[in-house]
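Good morning, everyone. Please look at the screen while I walk you through this one.

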Amino acid sequence: MIHGHFDPAEPYRLAPRLQVLIWLPDISRQLVAVDFLIDTGAARTSLHAVDTLGRLGISLRRLRDTAVWPGRSSVRGIGGHVDYVQTTAHYGFLHHDGRQQTIVAPIQIAASDHADTLPSLLGLDILQRFDLSLSWRDGRVTLTERD
Amino acid sequence: MNMLPPDRVERAARDAAEEQAYWHGHYQDLLRQYPERFVAVVAGEVVASAGSLAQLLEATARRGLQPGEFWLRFVTSDIRTLLS
């Protein structure tokens with residue numbers, strides 16, 4: 001069982017979040033904790049500027065280098081159109097009993113700082129591996145491994 | 001199978017817990033002092049604030065801080081700012 005939390009910002013307190021350790025071995029030596037917004041409306045998990053630039057230290061110049069990222073996609077969402085590149089991520093989930101669970105899966109990285117206040121999103125590609133429970137009454141965000 | 005660098009997992013997890021506790025404990029104070037701004041925090045102290053992420057990263061770089069060496073967050077009370 002993995003515990004998330006609700007965002008501390010008052011009008012945003014309804015938004016569930018989950019800290020996940022992220023390692024992108026192909027492009028960064030940093031192992032960082034990303035406080036993802038749990039977004040069941042997002043098909044794919046994505047990193048946005050506050051985490052790519054501010055935590056992982058990946059420069060915009062590198063993200064825009066077509067030699068490094070031959071494939072990119074443009075995604076239209078609530079933040080408008082954003083160009084994304086893709087790499088392999090190691091997602092580290094910390095269970096309540098101290099166990100660590102690692103999932104290796106693709107992750108999208110926004111190649112722009114246009115929407116710099118947009119949080120990174122934990123989408124259905126990862127969420128579907130868990131059962132998700134939210135209780136606003138009790139202030140609990142819980143992910144449980146699916147059998 | 002643990003595929004994350006094991007020597008760094010424990011520290012990253014500890015830092016993550018500390019950071020989460022910091023934001024929850026100080027958010028309302030930060031909101032009063034730095035509304036609608038990005039803030040960078042080191043050892044529980046705000047070391048820089050700015051109106052954009054790019055400006056904040058410039059300010060932290062001037063202090064010799066590299067990404068990953070500080071906590072950062074956009075402080076807002078407006079949910080629309082985060083989603084649009």
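In chain B, 42% of the 84 residues count as buried. Keep in mind that this is a predicted model. The surface that chain B exposes is about 4600 Å², and 50% of that comes from carbon and sulfur atoms.

How is chain B built? Its secondary structure consists of three helices and three strands. Going along the sequence, the order is α-β-β-α-β-α. The C-alpha trace of chain B measures about 40 × 30 × 25 Å along its principal axes. Take the contacts in chain B between residues at least 6 apart in sequence: 49% of them join residues at least 24 apart. As for charge, chain B carries 9 positive and 11 negative side chains. The centres of those two sets are 4 Å apart.

Now some single residues in chain B. Start with Glu36(B). It sits in the loop between helix H1, residues 6–33, and strand E1, residues 37–42. Its phi is near 60 degrees, which is a positive value in a residue other than glycine. Is Glu36(B) buried or exposed? Neither: Glu36(B) is partly exposed, because its relative accessible area is 32%.

Next, Ala43(B). This residue is in the loop between E1 and E2 of chain B. Phi of Ala43(B) is near 50 degrees, again a positive value in a residue other than glycine. With a relative accessible area of 77%, Ala43(B) is exposed.

Then move along to Ser52(B). You will find it in the loop between strand E2, 45–50, and helix H2, 53–62, of chain B. Ser52(B) has a relative accessibility of 18%, so it counts as buried; the cut-off for that is under 20%. A polar atom of its side chain lies 3.1 Å from the backbone nitrogen of Gln55(B). What does Ser52(B) touch, leaving out residues up to four places away in sequence? Two residues: Phe38(B) in its own chain, and Asp116(A) across in chain A.

That takes us over to chain A. Chain A has three helices and eleven strands. In sequence order, the pattern reads β-β-β-β-β-α-α-β-β-β-β-α-β-β. The radius of gyration of chain A is 15 Å, close to the 15 Å from the globule rule for 147 residues, so chain A is as compact as a globular protein of that length. Along the principal axes, its C-alpha trace spans about 45 × 35 × 25 Å.

What share of chain A counts as buried? The figure is 56% of the 147 residues. The accessible surface of chain A is about 6900 Å², and carbon and sulfur atoms account for 47% of that. For contacts between residues at least 6 apart in sequence, 55% link residues at least 24 apart. Chain A has 15 positive and 16 negative side chains, with the centres of the two sets 3 Å apart.

Three residues in chain A, then. Leu53(A) is in the loop between helix H1, 49–52, and helix H2, 60–63. It counts as buried because its relative accessibility is 10%. Look at what is around it. Setting aside residues up to four places away in sequence, Leu53(A) touches Ile58(A), Leu60(A), Leu63(A) and Asp113(A) in chain A. From chain B, it touches Leu53(B), Leu57(B) and Pro67(B). We met Asp116(A) a moment ago, as a contact of Ser52(B). Leu53(A) and Asp116(A) are 63 residues apart in sequence, yet 9.7 Å apart in space, C-alpha to C-alpha.

Now go to Gly4(A). It lies in the loop between strand E1, 2–3, and strand E2, 5–6. At 17% relative accessibility, Gly4(A) counts as buried. How far is Gly4(A) from Thr142(A) in space, C-alpha to C-alpha? The distance is 5.9 Å, although the two are 138 residues apart in sequence. With residues up to four places away left out, Gly4(A) touches Arg17(A), Leu18(A) and Val141(A).

Finish on one of those contacts, Arg17(A). Arg17(A) is part of strand E3, residues 16–23. It has 6% relative accessibility, so it counts as buried. Where does its side chain go? It reaches the backbone oxygen of Asp35(A), at 2.8 Å.

That's the tour. Thank you.

Notes. Residues numbered from 1 in each chain as written. Chains lettered and ligands numbered in written order. Predicted model: local features only at pLDDT ≥ 70, side-chain atom pairs only at ≥ 80, totals over all residues. Heavy atoms only, no water. Helix = DSSP H or I, 4+ residues; strand = E, 2+ residues; numbered from the N terminus. Rg over C-alpha atoms; globule rule 2.2 N^0.38 Å. Buried < 20%, exposed > 50% of the residue type's maximum accessible area, 1.4 Å probe, protein only. Contact = heavy atoms within 4.5 Å. Areas by Shrake-Rupley, 256 points an atom, 1.4 Å probe, with all protein chains shown as cover. Lys, Arg positive; Asp, Glu negative; His and termini not counted. Charge placed at Lys NZ, Arg CZ, Asp CG, Glu CD. Polar contact = N/O pair within 3.5 Å; in protein donor to acceptor, adjacent residues only side chain to side chain.
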